[in-house]
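Okay, thanks for coming, everyone. I'll put one structure up and talk through the ligand site, then a bit of strand pairing.

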Amino acid sequence: MSGIWNIPKPLNEPVLSYAPGTPERAALKSGLAAVGSQQVEIPAVVGGREVRTGVTQNVVSPHCHQRVLARVHQADRKTIDAAVKAAAEAQRDWGNWRFEDRAAVFLRAAELLAGTHRQLLNAATMLGQSKTAYQAEIDSACELIDFLRFNVHFAERIYHEQPDSSPGVWNRMDHRPLEGFVYAITPFNFTAIGGNLPAAPALMGNAVVWKPAASASLSNWHFFKLLEEAGLPPGVINFLPGNAVEVSQALLSHRQLAGIHFTGSTPVFQSLWRSVATNLEGYAGYPRVVGETGGKDFILAHPSADVDALAVAMVRGAYEYQGQKCSAASRAYIPDTIWPAVRDRAVGMIEDIRMGDVADFRNFMGAVIDRRSFTKLKDHLDAAKRDKGVTILAGGGADDSVGFFVQPTLLQVEDPAYRLMCEEIFGPVLTTHVYPAARWRETLKLVDETSPYALTGAVFARDRQALAEADRSLRQAAGNYYINDKPTGAVVGQQPFGGARASGTNDKAGSILNLLRWVSPRSIKETLSPPRDYRYPFMLEE
Ligand code: NAD
């Protein structure tokens, strides 16, 4: 077959409403019933072969922790080593596939996810990670479909990136996959990130070893099976659930480690980077280290802010998915002139929020992911109750009798350097500091310098001059910056996502910038008419 083929232009997957009476609502309800009534046994998969080690860990519903959804076999050392071998074998072939054939696998996966598999992935994400129907839809359906389709389009643009040629010479760029395997380590909070971190390097011709987050194993497993169904050859992505430290230690000490694709917390990323540095001489090359990590995302209001829009952004930005988005608003700076109105509006909405089983569609919030997170959040809330200078305006309670429920909580603190203004705690807690309206400029500096992170941030103002000032002062304070909008909800292809400072390497998942990390270009010069005499013309007799 000959031809230079154009890839279909991607469009963002429309978000379905799940309103009463819609077909998607009925389909999702049956999906929930099906996923909730089974207990899945999840193996490791190495070179296309399922491995059951017999040592298993349970996946439970966070909002109903007695319900076991899956038993996950934990990879042992033998399985880990086999995964590296399988990746090397698979890559020899896969790395030489034509781009169009690789692309077709992922475009087919997007189609399966948009159609027949949509409600399976949504139901698994809802029950396993405690997302509401809407939060699952924008994650495990739309964002993951967008990653798959847009990455193919970005890859095509990379391959089109070719050098100039001079007369008699044809220059080319071979955008090779990396030499070795890529280790994808994925977080619990987005099924889309779980899928994208292994899929993006694989699309560029790499072979991957994927360690999913334990609590997201169910949705991640279903996505892995979907990739197989879409035609991904055995060994291109090896699915390796297991003890994070053991799996990482084994893989990071491997000579063939070519890259790490990580999303998760800052301390874990720093420990991975440290291991790579320690093992540096042992690697065949310099591993690419890509990590998107934590945040302490801000909302800053100017006295000219629209109070209603601001209060809604605070509530949606801080409490959707229980504040467990890396982009979730967790600190707010509000001027005293509008604070009483903002506070009353926000507290009114918070008191109206329903929290509970996500299969009950009236709920706006589910539970936090696990006991560890629950205990950490409860300890912070208990401390806030004791600490001087902290007022609990809404919420503050936590109850783990049925599920790991933490109330949406709004705090007001006098000290802008109070712990909860600086540290990421990853839960439904928004801490506010009220500043004197005349101290706008000083507050800009405070927002910029308070936390080590620089992931997302939002500024609310109607005064254009104030927006311009904020834009300048906060240029390095957030990798995703929002004006008069909440700091969450980035869309693939529209707001490429990632932050700097302690928030990561800012390689912008779901953009051309990320895919560039998974290729190692080879410059090729072909001389069409090579010289046949070693002497240059200047050397000739006059
Ligand atoms: P986590 O760091 O606990 O876990 C992430 C992954 O690392 C999991 O697969 C986990 O098993 C593994 N892991 C844990 N400890 C490890 C260790 N010692 N060595 C090697 N691997 C280890 O993070 P999480 O709780 O799954 O996710 C929440 C965090 O992720 C938050 O900090 C959040 O801000 C961040 N996050 C960032 C982004 C972003 O784009 N910046 C997106 C989503 C989540």
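**The ligand and its surroundings**

So, start with Thr-186: one of its backbone N or O atoms sits 2.7 Å from a ligand oxygen atom. Keep in mind that this is a predicted model. Another ligand contact involves Lys-211, where an N or O atom of the side chain is 2.9 Å from an oxygen atom of the ligand. Then there's Thr-293, which goes through its backbone again: an N or O atom there is 2.8 Å from a nitrogen atom of the ligand. As for burial, the ligand on its own has 850 Å² of accessible area, and the protein covers 85% of that.

Okay, zooming out to the shell. How many residues surround the ligand? It's 27, and the closest are Thr-186, Ser-265, Thr-293, Cys-326 and Glu-424. By type, you get 15 nonpolar residues, nine polar and three charged.

Where do they come from? α8 (244-252), β10 (257-263) and α9 (266-278) each put in at least two residues, and α8 has the largest share, with three. At the domain level, the ligand lies between domain 1 (23-293 + 504-521) and domain 2 (297-483), because both give residues to its shell.

Last bit, the strands. β4 covers residues 56-61 and β5 covers residues 64-73, and the two pair antiparallel over six bridges. They make a hairpin, with two residues between the strands. If you want a spot to look at on screen, find Thr-56, which stands opposite His-73 in β5.

That's me done, happy to scroll around if anyone wants.

Technical notes: Residues numbered from 1 in each chain as written. Predicted model: local features only at pLDDT ≥ 70, side-chain atom pairs only at ≥ 80, totals over all residues. Heavy atoms only, no water. Near = heavy atom within 4 Å. Polar contact = N/O pair within 3.5 Å; in protein donor to acceptor, adjacent residues only side chain to side chain. Areas by Shrake-Rupley, 256 points an atom, 1.4 Å probe, with all protein chains shown as cover. Helix = DSSP H or I, 4+ residues; strand = E, 2+ residues; numbered from the N terminus. Nonpolar A, V, L, I, M, F, W, Y, C, P; charged D, E, K, R; others polar. Domains from an automatic or database assignment. Pairing = 2+ DSSP bridges.
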